[in-house]
Amino acid sequence: MEEEAWADSINQANKMALLNWVRETGIDLVQINGQRRYGGPPPGWVGSPPPVGSEVFIGKLPQEMYENTLIPLFQSVGKLYEFRLMMTFSGLNRGFAYAKYSNWQGAKEAIATLNNLEVQEGCTIVVCKSLEKCELSVDGLPTSVSQKGLEAVVLGATEGVLSITLHASPYQKKAKFAVLKYSSHRAAAMAKKTLMEGNVRLCGENVKVGWLKPELKEKLQLCKEKRGKHLGSPEQVLLSLKLCDVLDCLNTLCRQQCLGTPRFFTKCVQVKPGGWLQYWCQLVIPAWPLPFSGFLWVQEDVPSTSGHEKAKDAVARLALRKLGCLLT
């Protein structure tokens, strides 16, 4: 209780200003595992998440500054999709944040306009392109660990997993090494914190979790291409689409293959007795010659977001099959 009382006493004036701003604007802030988030997506957002390159890193923030000042400032240069402020136990911020815009132009404008901006007397902030790391490395796994066993632990403890690959450890003779790929930097950062600081047991006592280093990623790729089942050859390249989000898989595949951002168009076209509704959905991938489209019957009382999302899911699966993605 003494620690809580001490934490509440820190920076009270600015905390009250933040609470008043939240009440006045109706904005929704959610705090999870050391970061407080707005949006992702924001109210009224329709469509897929913004493309890679839409996020900026914000550094050198005064620790007593909160979203009531920061969100309006960063919204002044473009439409925000998400804003994440890193927090301490005492309620101060940790001096850095991330702002994701609806497109890369917003991020570019934020860097041009707000980098080196003096937000308090003698205090200028840093605004630069976010690296948006999405891959974690896990070293020190026992040689007995299986692909399915590792999947069960990781999928049960973290969200947004796109793939899990298992390798011989490049650092230890009798150990395995895993690469965990996530749908976004935020998902990967949350997973890293959960796996490092939570009560999750990753099949071994001396497991080390960190960001996948570029030089190691390149080494694993070279080993995969040149030496087959040697160091770095994965036991499984892609999770079953039953285990991860289909739309995330599609977005990732299109990004990797430079196909452009997928766009969906959905419409409820027919209603039948018994709550049956027919949805039409079309998926357009900019660099793919033809659109993907189809119809789907959904049983529900009235047209809803869930029906539209189910139609998107069905057409996305069709597209992934055509694009050669592993489906099980």
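Begin by selecting helix H4 and turning the view to the face that points away from its buried side, where the exposed residues Lys108 and Ala112 are carried. Keep in mind throughout that this is a predicted model.

Now rotate to the opposite face of H4, which spans residues 104–114, and select Gly106, Ala107, Ala110 and Leu114, each of which is buried. These four residues lie on the same side of H4, because they cover an arc of only 100° around the axis. To see what covers them, display strand E3 (55–59), helix H3 (67–75), strand E5 (93–101) and strand E8 (126–129), which are included among the elements over the buried residues of H4.

Next, look at the two ends of the helix. At the N-terminal end, select Asn103, which caps H4 through a side-chain oxygen that lies 3.2 Å from the backbone nitrogen of Gln105. At the other end, just after H4, select Asn116, whose phi is positive, at about 70°.

From there, move on to Leu117, which sits in the loop between H4 and strand E6 (118–120). Is Leu117 partly exposed or buried? Leu117 counts as partly exposed, because its relative accessibility is 29%. Setting aside residues up to four places away in sequence, show the neighbours that Leu117 touches, namely Leu73, Cys123, Thr124 and Ile125. If you then draw a distance from the C-alpha atom of Leu117 to that of Val127, which is 10 residues away along the chain, you should find a separation of 8.8 Å.

Leave this region and select the open sheet of three strands, which follow the order E13-E14-E15 with antiparallel pairing. Strand E13 (263–272) and strand E15 (292–299) are the edge strands, each pairing on one side only. Neighbouring strands of this sheet are turned against each other by 20° on average, with direction ignored. Within the sheet, focus on strand E14 (residues 276–284), which runs antiparallel to E15 and is joined to E15 by eight bridges. For a single example of this pairing, select Cys281 and look across to E15, where its bridge partner is Gly294.

Finally, zoom out to the whole protein chain, which has nine helices and 15 strands. Colouring by accessibility would bring out the buried residues, which make up 43% of the 328 residues, while the accessible surface comes to about 17900 Å², with 53% of it belonging to carbon and sulfur atoms. Of the contacts in the chain with a separation of 6 or more, 65% are between residues 24 or more positions apart.

Note on methods. Residues are numbered from 1 along each chain as its sequence is written. This is a predicted model: local features need pLDDT of at least 70, side-chain atom pairs count only at pLDDT 80 or more; totals for chains, interfaces and linings use all residues. Side-chain values use heavy atoms; hydrogens and water are left out. Buried means under 20% relative accessible area, exposed over 50%, partly exposed in between (1.4 Å probe, protein chains only). The arc is that of the directions from the helix axis to the C-beta atoms. Contact means heavy atoms within 4.5 Å. A polar contact is a pair of N or O atoms within 3.5 Å; within protein, one must be able to donate a hydrogen and the other to accept it, and residues adjacent in sequence count only if both atoms are side-chain atoms. Two strands pair if DSSP finds at least two bridges between them. Axes are lines fitted to C-alpha atoms, for helices over the stretch in contact, and angles run from 0 to 180 degrees between N-to-C directions. Accessible areas come from the Shrake-Rupley method with a 1.4 Å probe; for residues, only the protein chains shown count as cover.
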